[in-house]
Amino acid sequence: MAAQLPLDDIARLADLHPKPGHIRFQYGTAGFRTLGSVLDSVLFRVGVLAGLRSKKLDGKTIGVMVTASHNPEPDNGVKLVDPRGEMLEASWEAHATSLANAASTEDFLQAVDAVVKNAKIDLSKPAKVIYARDTRPSGPSLVASLEDGLKAIGAETRDAGVTTTPILHYLVRAINTKGTSAEYGDDSEDGYFKKLSGAFKQLVSGKPALPPLVVDCANGVGANAVEKIVPYLGDSLTFIPHNTATATPGALNNACGADYVKTTQKLPPSLANELKSGERGCSFDGDADRLMYFYIDARNQFRMLDGDKIAALVAGFIVELVKNAGLEEKIRVGIVQTAYANGSSTKYLADRLPVRCVPTGVKHLHHAAEHFNIGVYFEANGHGTVLFSPETQGTLASYEPSTPAQSTALKHLRNLVQLINQTVGDALSDLLLVETVLAHKSYSGVEWDSLYVDLPNRLVKVLVADVRAFQTEDAERRLVSPRGLQGKIDALVKRYEGGRSFVRPSGTEDVVRVYAEAVMKSQADELAFRVAGLVYDETGGDPATRPKEFL
Ligand code: NG1
Ligand code: ZN
């Protein structure tokens, strides 16, 4: 007889984690994310779902990360990690949403049964799940709910404790590739730190050491990772960690971290006296998968080096190495961006490389990057990585260089494959990557920044009655509905020199986002607010209550 669902166990434990009445949960680009205090039932159900996903994939280990990334401390969230360390396959997002929204235990059992049938899951397969959480106060109790769900479905579990999102992704891939030709590394934090630091030390060996690097850890779990990697790095790189108060209530992502830097385009106030003219620093977000750099220029002004600048720096370096290795005929390097990429970065990169634009959300960038031999992807907000296709890794492993210069470049490329966390954006791995390029090029922030000049830009949010009324096409660069609105935006944009603007519904908040850029800051601001005004008026907002800043 085919194996059955352990309905009694599931029902008994599900009763301990009832769904709150009036909330509708949605598995979006960032998994489930909302106030930590209402997520108990979601975590239980995600535990059951993770077990089912593992069974579906023949007992491969699935990851579960409990985090709300750059969101404020009262928020929390959860997302699943597929066996190769990537985001959950899109078709399962609907399963996650349906389980999370079942109103009662009985409905939940039915929803589980429907997933089993729909996804044709063989229940006799084992289920293996590894999970971790960030430093949020709501983490421990949410993990306990998750554990109940994993118990209910009979999963074999491993608790990775408090760690960063990218380390959890690394562990998932390391576990699932153990003993295969694609072995990713030892499946432990130690294995991760050894892999990254080993590659970094080789890459910078013989280069003069860079000045110490100020690292803003957002008062989050990245602080632990930074502290732990220090002994592995030895004197190859020195950190000056800041915002490491992971136990201080309310400190997480508060006036610090990568999202603060990107959205305010300012230095975190806590670093005000830490950086002198010419010095560089960087910020992680709360789960250490985003990285923003910055420096203080000769006029003592703060200058931001965002995900687009990181992409330009890194892609340029990789292209040069591929060429120096004599592999430019064999290895095609490409870039993936979203509509939020600064127009100047797109121009700079497109003059040199193939560039693709995809909708917002890491899964879109990641999948598009897989189509290149080496795919570099970064969101402007600092989330990104570099993917080396399996064929390219094979080429790099077997290639026989014919000159000493080729041999050196090849060695660097091989080390980059080890240095870069190819499962997901990783602030620590990306930091080491940036430092590698800066060391090779003898760049300070100034030279890096001068690759191109950012166009001034502005991002604003508009609260509308129904976000679902907004639908887009062309990688979210144009609206198809509400009908007629895009035409009005186009007419407005034409009046601004270097103007570009687009409107899209957020996938993580109940708002519509408006982005605008233009050659002058005042014009970018004005364009953003005018477009926001159009959005507001078009969608049932009462002109009398229109926010004043929308002009
Ligand atoms: P939404 O809320 O869909 O704009 C935000 C970021 C994305 C991505 C996701 C996931 C912006 C403008 N949007 O998405 O880039 O990082 O969160 O965390 O930064
Ligand atoms: Zn994050």
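Which helix gives the most to the lining of the second largest cavity? Hold that thought, everyone, and I'll come back to it.

Some housekeeping: this is a predicted model, where local features need pLDDT of at least 70 and side-chain atom pairs count only at pLDDT 80 or more, while totals for chains, interfaces and linings use all residues. Residues are numbered from 1 along each chain as its sequence is written, and side-chain values use heavy atoms, with hydrogens and water left out.

By cavity I mean a set of points, on a 1 Å grid over the protein atoms alone, where a 1.4 Å probe fits but cannot get out; lining residues have an atom within 4 Å of a point. Volume is the space filled by probe spheres set on the points, which are joined across faces, edges and corners.

We have five cavities of 30 Å³ or more. The largest has a volume of about 80 Å³, and its lining includes Tyr-27, Lys-79, Glu-93 and Val-362. Both β3 (75–81) and α12 (362–369) supply at least two residues each to that lining; these elements are DSSP runs, helices being H or I of at least four residues and strands E of at least two, numbered from the N terminus.

Now the second largest, with about 60 Å³ of space. Here is the answer: α12 gives the most to the lining, with four residues. Among the lining residues are Glu-86, Val-362, His-366, His-367 and Tyr-377. Domain 1 (7–162) and domain 3 (307–449) each contribute at least three residues, with bounds from an automatic or database domain assignment.

Terms used. Chains lettered and ligands numbered in written order. 1 Å grid on protein atoms, 1.4 Å probe; cavity = no way out; pocket = protein on both sides within 12 Å on 5 of 7 lines; lining within 4 Å.
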